[in-house]
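Colleague: I should be grateful for a close look at a single part of this model, with its surroundings described in some detail.

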Amino acid sequence: MADKEPQQPEELPIVLVHRLPSFKIPSDSSFRDQLRSQFHMLDPHESPEPYESFLARHAPFIRVLMTIGPSPVSAEFLERLPFLELIVATSAGLNHIDLPACWSRGIVVTNASLAFAEDVADCAVGLLIDVLRRISAADRFVRDRLWPVKENYPLGFKLGGKRVGIVGLGSIGSEVAKRLLAFGCTIAYTSRNKKQSVSFPFYANVRDLAANSDVLVLCCALTKETYHMINKDVMVALGKDGVIINVGRGSLINEKELVQCLVGGEMGGAGLDVYENEPNVPKELFGLDNVVLSPHCAVMTPESFEALDQLIVVNLKAFFSNKPLVSVVSNE
């Protein structure tokens, strides 16, 4: 019997890696090996060929783009990839991607919010408890040996019963709501559209939400419409005892007006994980015991990054096998 001809290995589906030179494919080497065993990962920064010619040569074959971190994806960049159908983003925030340009082309975008949602929500609730109960300030009080001198530490505030307004009831906002309901808080929200699947009160604008809340938790995306949406008018509506928690993006808040309100005693406090000009933080906040600061680390757990690795692989495999994608960014 004649020998069978040796079969050629099936070509792996192509994925273009889009990153700044300082960024790498996320996570450990085992994840990178897993990607490369299932997909042909084209990384212009790993090629000796000039970036422009590399991109032009491969553009006719690129249907999927994987963006690493905040690598910009502009309308002009998208024009260079005429056959692009999917962008798999490794971040929850998407202000570095021109979403309207994607949607006008019919390009689907997925993000990391599903992978990050639980840990970011935990961080948001942690910041809120810290601000209300003054935990970080109490820690400093003890470490500075003030307890034997001053004896009485200022009262904190109860979390249960607080009216919490969530700005952006997506994957992360929904997890925040779930956690705060367990503490006995009442929930309301604002979003681009009212969500028929939830029963929480909906407010069409953030000022009205603030006027009916004790706490605002910011979980929404940064867009042209949400830039500086939290301004002095909103802060005044929130009231002198009001608290703002931001785990979204720094520029959701007018930072100068936030500093003025906090320093002037026009707000009760703030818990901030993100800032307008990272890693620079307004120095006026450093001496305020009613402000808790963290260095944009809400997603920083090994569990988050493991979930992200799995989400990336799931979406890439789903796309190339014509199956439904998960964590798709809605254009509604």
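In which strand is T190 found, and what surrounds this residue?

Modeller: The model is a predicted one, and the description below should be read accordingly. T190 is found in strand β7, which covers residues 186-190. With a relative accessibility of 6%, T190 counts as buried, because the limit for that class is under 20%. A polar atom of the T190 side chain lies 2.7 Å from the backbone oxygen of Y203. Y203 is also among the residues that T190 touches, leaving aside those up to four places away in sequence. The other residues touched are I166, V167, G168, L169, F202, A204, N205, V206 and L209.

Aromatic pairs elsewhere in the model may be added for context. The count of aromatic pairs comes to 5. One of them joins F116 and F305 edge-to-face, with 6.2 Å centre to centre and 80 degrees between the planes. This pair links distant parts of the chain, as F116 belongs to helix α5 (residues 113-133) and F305 to helix α12 (residues 302-320), 189 residues apart. F116 is buried at 4% relative accessible area, whereas F305 is partly exposed at 30%.

F141 and Y153 also form an edge-to-face pair, at 5.0 Å centre to centre and 65 degrees between the planes. F141 lies in helix α6 (residues 135-143) and Y153 in the loop between α7 and β6, so the pair ties together parts 12 residues apart in sequence. Here F141 is buried at 9% relative accessibility, and Y153 is partly exposed at 27%. Finally, F39, F319 and F320 form one aromatic cluster.

Conventions
Residues numbered from 1 in each chain as written. Predicted model: local features only at pLDDT ≥ 70, side-chain atom pairs only at ≥ 80, totals over all residues. Heavy atoms only, no water. Helix = DSSP H or I, 4+ residues; strand = E, 2+ residues; numbered from the N terminus. Buried < 20%, exposed > 50% of the residue type's maximum accessible area, 1.4 Å probe, protein only. Polar contact = N/O pair within 3.5 Å; in protein donor to acceptor, adjacent residues only side chain to side chain. Contact = heavy atoms within 4.5 Å. Phe/Tyr/Trp six-rings, centres within 6.5 Å; stacked < 30°, edge-to-face > 60°.
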